[in-house]
Amino acid sequence: MPGRVTVVGLGPAGITEMTVGAVAAVRGATRLLLRTSRHPAAATLAAEGVAFDTCDDLYDAAADLGSAYAGIVDRVLDLAASDGDVTYAVPGSPHVAEATVRLLCERAGPAAVDVEFVEGMSFLEPVLAAVGADPAVDGVAVCDGRDLAAQIERWFPPQPHAEGAELPNLLVCQVDRAGVLSDVKLALLDVVAPEHEVVLVLGAASPDAEVHRSPLAQLDWGQVDPGPLAT
């Protein structure tokens, strides 16, 4: 029989922000693997006595993110082959900014593994709420902070500094490290004036959520690693 992987979205913050189906899936899993324990729901699950493994060791040992993601998918598929059924839980939604899930889906067929999903709310909704933006009204482009320099020309007009040029509303995710935040600032400075206001949202939907507004030039001032819930 083929192995099975159930991918569960842990939502954008703690366990109270998870769907009923997601909570039931992780509590009832026979083998539970978290992409990372650096998510508020992980502490609650541990306190409840829910047993799980994580992939934090792969992040810490990998030379780059691509290697880490490949190693994580290897682990998920190996568990599916050996145990027959594994629940793989990821922050937010399985379908938003989840490179490991995309890679897992690509490799599952050749590995004779079925993939099922239990949805979770992505980080997008609480981040947009924190800054007061409605994508249906304002229009919002979403991009990866780790690859922003390569994507920047897609979103901005040829002469973004020209008088009257309309700038897009850009939501940049995956800015979990100080170095990534600085790279985002430098990429944006090529197309946005240094005094243009930007907003850094930390831990959207959590009780400790923070919203920091500053000129673009000061985006990374005083910031250590923003953490995995930064946008």
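**Exercise 1. Determine which side chain Lys185 meets in a salt bridge, and establish whether the two partners are buried or exposed.**

Solution. In this predicted model, the side chains of Asp220 and Lys185 meet in a salt bridge, with an N to O distance of 3.0 Å. The next step is to place the partners: Asp220 lies in the segment after strand 9 (210-215) and Lys185 in helix 9 (residues 178-189), so the pair ties together parts that are 35 residues apart in sequence. For burial, the cut-off is under 20% relative accessible area. Asp220 has a relative accessible area of 17% and is therefore buried, and Lys185, at 12% relative accessibility, counts as buried too.

**Exercise 2. Locate the salt-bridge partners of Arg31 and Arg75, and classify the accessibility of each residue.**

Solution. Begin with Arg31, whose side chain meets that of Asp53 in a salt bridge of 3.3 Å, N to O. This pair links distant parts of the chain, since Arg31 sits in the loop between helix 1 (20-27) and strand 2 (32-34), while Asp53 belongs to strand 3 (residues 53-54), 22 residues apart. Arg31 is partly exposed, with a relative accessible area of 28%, and Asp53 also counts as partly exposed, at 36% relative accessibility.

Turn then to Arg75, which meets Asp57 through a side-chain salt bridge of 2.9 Å, N to O. Here Arg75 lies in helix 4 (residues 65-83) and Asp57 in helix 3 (residues 56-61), and the pair links distant parts of the chain, 18 residues apart. Arg75 counts as partly exposed at 26% relative accessibility, as does Asp57, with a relative accessible area of 39%.

**Exercise 3. State how many salt bridges a search of the whole structure finds, and identify the residues that Arg4 is linked with in a network.**

Solution. The search of the whole structure finds 13 salt bridges. Arg4 is linked with Asp85 and Glu116 in a network of salt bridges. As general background, side chains of opposite charge can pair when their charged atoms come close.

**Exercise 4. Describe the largest nonpolar core, naming the residues that touch the most other members and the element that gives the most to it.**

Solution. The largest nonpolar core holds 21 residues, of which Val5, Val76, Tyr88 and Leu104 touch the most other members. The elements that give two or more residues to this core are strand 1 (3-9), helix 3, helix 4, strand 4 (85-90) and helix 5 (99-108). Among these contributors, helix 4 gives the most, with 8 residues. The surroundings of one central member can then be examined: leaving aside residues up to four places away in sequence, Tyr88 touches a set of residues that includes Val5, Val76 and Leu104, as well as Arg35. Apart from this core lies another, of 19 residues, among them Cys143, Val175, Val180 and Leu188.

**Exercise 5. Place Arg35 in the chain, decide whether it is buried or exposed, and find the side chains with which it makes polar contacts.**

Solution. Arg35 is found in the loop between strand 2 and helix 2 (40-47). With a relative accessible area of 14%, Arg35 is buried. Its side chain is joined to that of Tyr59 by a polar contact of 2.6 Å, and to that of Glu98 by a polar contact of 2.7 Å. When residues up to four places away in sequence are not counted, Arg35 touches, among others, Cys55, Asp56, Ile72, Tyr88 and Thr100.

Conventions
Residues are numbered from 1 along each chain as its sequence is written. This is a predicted model: local features need pLDDT of at least 70, side-chain atom pairs count only at pLDDT 80 or more; totals for chains, interfaces and linings use all residues. Side-chain values use heavy atoms; hydrogens and water are left out. A salt bridge is a side-chain nitrogen of Lys or Arg within 4 Å of a carboxyl oxygen of Asp or Glu. Helices (H or I, at least four residues) and strands (E, at least two) are DSSP runs, numbered from the N terminus. Buried means under 20% relative accessible area, exposed over 50%, partly exposed in between (1.4 Å probe, protein chains only). A nonpolar core is a set of buried Ala, Val, Leu, Ile, Met, Phe, Trp, Tyr and Cys residues joined through side-chain atoms within 4.5 Å. Contact means heavy atoms within 4.5 Å. A polar contact is a pair of N or O atoms within 3.5 Å; within protein, one must be able to donate a hydrogen and the other to accept it, and residues adjacent in sequence count only if both atoms are side-chain atoms.
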